[in-house]
Amino acid sequence: MTALKSAAQHTGKPKLAFRPLPVPQVDVRGFWGDRVDAVAARTAEILYERCVEARMLEQIDPDRPSPGVVIPFHSPSPDEAANPGFTGSTVTTQMFWDSDWGKTIETAAYSLYRRRNDTLEKKIDAVIDLYGRLQQSDGYLSSWYQRIQPGLRWTNLRDCHELYCAGHLIEGAVAYFQATGKRKLLDIMCRYVDHIADTFGPEPGKKKGYCGHEEIELALVKLARATGEQKYMDLAKYFIDQRGQQPHYFDEEARARGTDPKAYHFKTYEYNQSHKPVREQDKVVGHAVRAMYLFSGMADVATEYGDDTLRAALDRLWDDLTTKSLYVTGGLGPSAHNEGFTSDYDLPNETAYAETCAAVGLVFWSSRMLGMGPNARYADMMERALYNGSISGLSLDGSLFFYENPLESRGRHNRWKWHRCPCCPPNIGRMVASIGSYFYGLADDALAVHLYGDSTARFEISGKPVSLVQTSNYPWNGAVSIRVEPVAPVAFTLHLRLPAWCRKAALKVNGKAVALDAVLSDGYAAIEREWQKGDCVELDLDMSISRLFANPEVRQDIGRVALARGPLIYCVEATDNPGQLHRISLPRAARIEAHHEPNLLGGIVTLSATGNREASEDWRNGLYRAEPPALEEARVKAVPYYAWDNRDSGEMLVWLREG
Ligand SMILES: [Zn+2]
């Protein structure tokens, strides 16, 4: 690992970078320990096996016959087929198989820190060997364009995910190198990126393109940080700067293919956030995952280059997302049509698309916004997406997945084993397996604690090794004890997040109360001192239950209430609440109690209250009548949203009727 020095020197601006701790430097226990164990014990292997079953190994193996098109090209609707300019038929999810391998390799890499697994490691080594043999002498590497559609490389960046696939393989390569010390895939990808840098860039003679599905930008930042190669960082910045510039690359590229740019399946370049240069964007639009990956890359580049123009755009986009288009679960992108955003306050519950990958992408973006310093505005949202709308996508045992994460179900939305577009399983797998790296941000003279949970972190500050032990039953209990163990006394600032959901907090250092008002900035308490071995910080976050209400502009949530406790959003499930859930109502005055249930769903805190239910009485086959239905008292029980559909399948509801 080589430290990058030159990025900040390029602009001359100081770089105030809080960098995440590498995955192996944080051991998580408790809540996240269970999640990581499930991924290491099951998900990582399952991802590999499902990729093989889907015939992905055949596609990358130059010694076997090409599998051809296994997943059909996108079938056009009759209207689309009648349009001679329709180009949607050029796309199949099979084009993205390299990305599924990339994320599978990345998940396996992080899992190996948790649990040695020689069998899995050998399988991944074999996949990497195949990529090594597939790579062309000029460095180019795409199993789709080499094996299925030869001769067409770099002809349709808009639709075909070529650079996106490279990005995921880069992320896999960096993670696998860091986990195993094996450089093979890293070297393969450096050769490929050298080829990409020769092909794209501002210099005359190079293509002025960028990917229709963002991803390579953030991946190049990772590669630059891992290798110390400034060229890779500059390429990330180029792709971001070039996006949406005129003349529009996707127009020119379509004409070069002999098609009309206006025949674009998604009609507008808002779909892939290339409708405007990124610094002019102020509205979160289009495909949700693409948007989150772009903003993640922008945040990385803003941090590395000290670029305030990018930062200003990101803050506008952040405001837009979080005040108009985000589900209470941290899910995003309500529409299946564009897998993305629609209009302000359009947040339907039952039909919510809210792709697992989009919430994972929000975690990526939020965590990168913390690179310029601790700010609870971002960390709170990271926590919301982490504990709710992202991990809802993975069953508790790590074997089954959700693609869509609705906030209401009539019982027919259930977890599946695999999907013909399998982007979500390895995405949630890699995020969970690397959760330790989201806990902290380390700067030259400061450590920020973004997330709480039973864990041990090891890091070095001012050249002195320090371990930091969190003892806590978070998120079930808000008491967090932090023991700081430097090998020798060392001065640094410890920043502790005080979540916005917490209405009352108390902080003590070595038993002495600290006045929070005096040390609070951007939602973090800053404790500046020379830390000695055995120093102890105690933080007590009140975890009273909250009723959450939506802005009345959200038509689907009017007159409804959602329950939350700490970072967790709750839902009711049919298995705990017999009968149809839409009949339930919760009076404003109802007392809600929390109960720890160690034997339920891996050990959770449930919420319960006495509510009302519209009775099952005899309507004599009538549909309407002048008399309202009778009400009966009903015990209402709620479980954390992330844990739903892990028992008998049935109805689920987040937003309960109030009254
Ligand atoms: Zn996905």
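**Figure 1. Cysteine 424 and the zinc site in the predicted model.** Cysteine 424 is buried, since its relative accessible area is 1%, under the 20% limit. The model shown here and in the other views is predicted. Cysteine 424 donates its SG atom to the zinc ion, as do Cys357 and Cys423, while Glu355 contributes OE. These protein donors lie 2.0 to 2.3 Å from the zinc ion. Glutamate 355 is also buried, because its relative accessibility is 4%.

**Figure 2. Geometry and sequence spacing of the zinc donors.** The four donor atoms form a tetrahedral site around the zinc ion, with angles of 93 to 118° among them. Along the sequence, the donor residues follow the spacing E-x1-C-x65-C-C. Glutamate 355 sits in the loop between α14 (308-324) and α15 (356-369), whereas cysteine 424 belongs to helix α17 (residues 424-433); the pair therefore ties together parts that are 69 residues apart in sequence.

**Figure 3. Cysteine 536 and cysteine 502.** The structure holds zero disulfides. A disulfide is a covalent bond between the sulfur atoms of two cysteines. For cysteine 536, the closest cysteine sulfur is that of cysteine 502, at 18 Å, which is too far for a bond because a disulfide requires the sulfur atoms to be within 2.5 Å.

**Figure 4. The open sheet of six strands.** The strand order is β1-β4-β5-β9-β13-β12, and the pairing is mixed. Strands β1 (19-20) and β12 (520-521) stand at the edges; each has a single partner strand, so one side of each is left without a neighbour in the sheet.

**Figure 5. Pairing of strands β4 and β5.** Strand β4 (residues 440-443) and strand β5 (residues 446-449) run antiparallel and are joined by four bridges. Within this pair, glycine 441 stands opposite alanine 448 in β5.

**Figure 6. Surroundings of alanine 525 in strand β13.** Alanine 525 is part of strand β13 (residues 524-531), which lies between β9 and β12 in the order of the sheet. Alanine 525 counts as buried because its relative accessibility is 0%. Leaving aside residues up to four places away in sequence, alanine 525 touches Leu494, His495, Leu496, Leu507, Leu516, Val519 and Leu520. The C-alpha atom of alanine 525 is separated by 38 Å from that of cysteine 423, and the two residues are 102 residues apart along the chain. Cysteine 423 is one of the protein donors of the zinc ion.

Technical notes
Residues are numbered from 1 along each chain as its sequence is written. This is a predicted model: local features need pLDDT of at least 70, side-chain atom pairs count only at pLDDT 80 or more; totals for chains, interfaces and linings use all residues. Side-chain values use heavy atoms; hydrogens and water are left out. Helices (H or I, at least four residues) and strands (E, at least two) are DSSP runs, numbered from the N terminus. Buried means under 20% relative accessible area, exposed over 50%, partly exposed in between (1.4 Å probe, protein chains only). Contact means heavy atoms within 4.5 Å. Two strands pair if DSSP finds at least two bridges between them. Donors are N, O and S atoms within 2.8 Å of the metal (3.2 Å for Na, K and Ca); water is not among the atoms, so sites may look incomplete. Four donors count as tetrahedral if all angles lie between 85 and 135 degrees; four count as square planar and six as octahedral if opposite donors are over 155 degrees apart and all others between 65 and 115; anything else is irregular.
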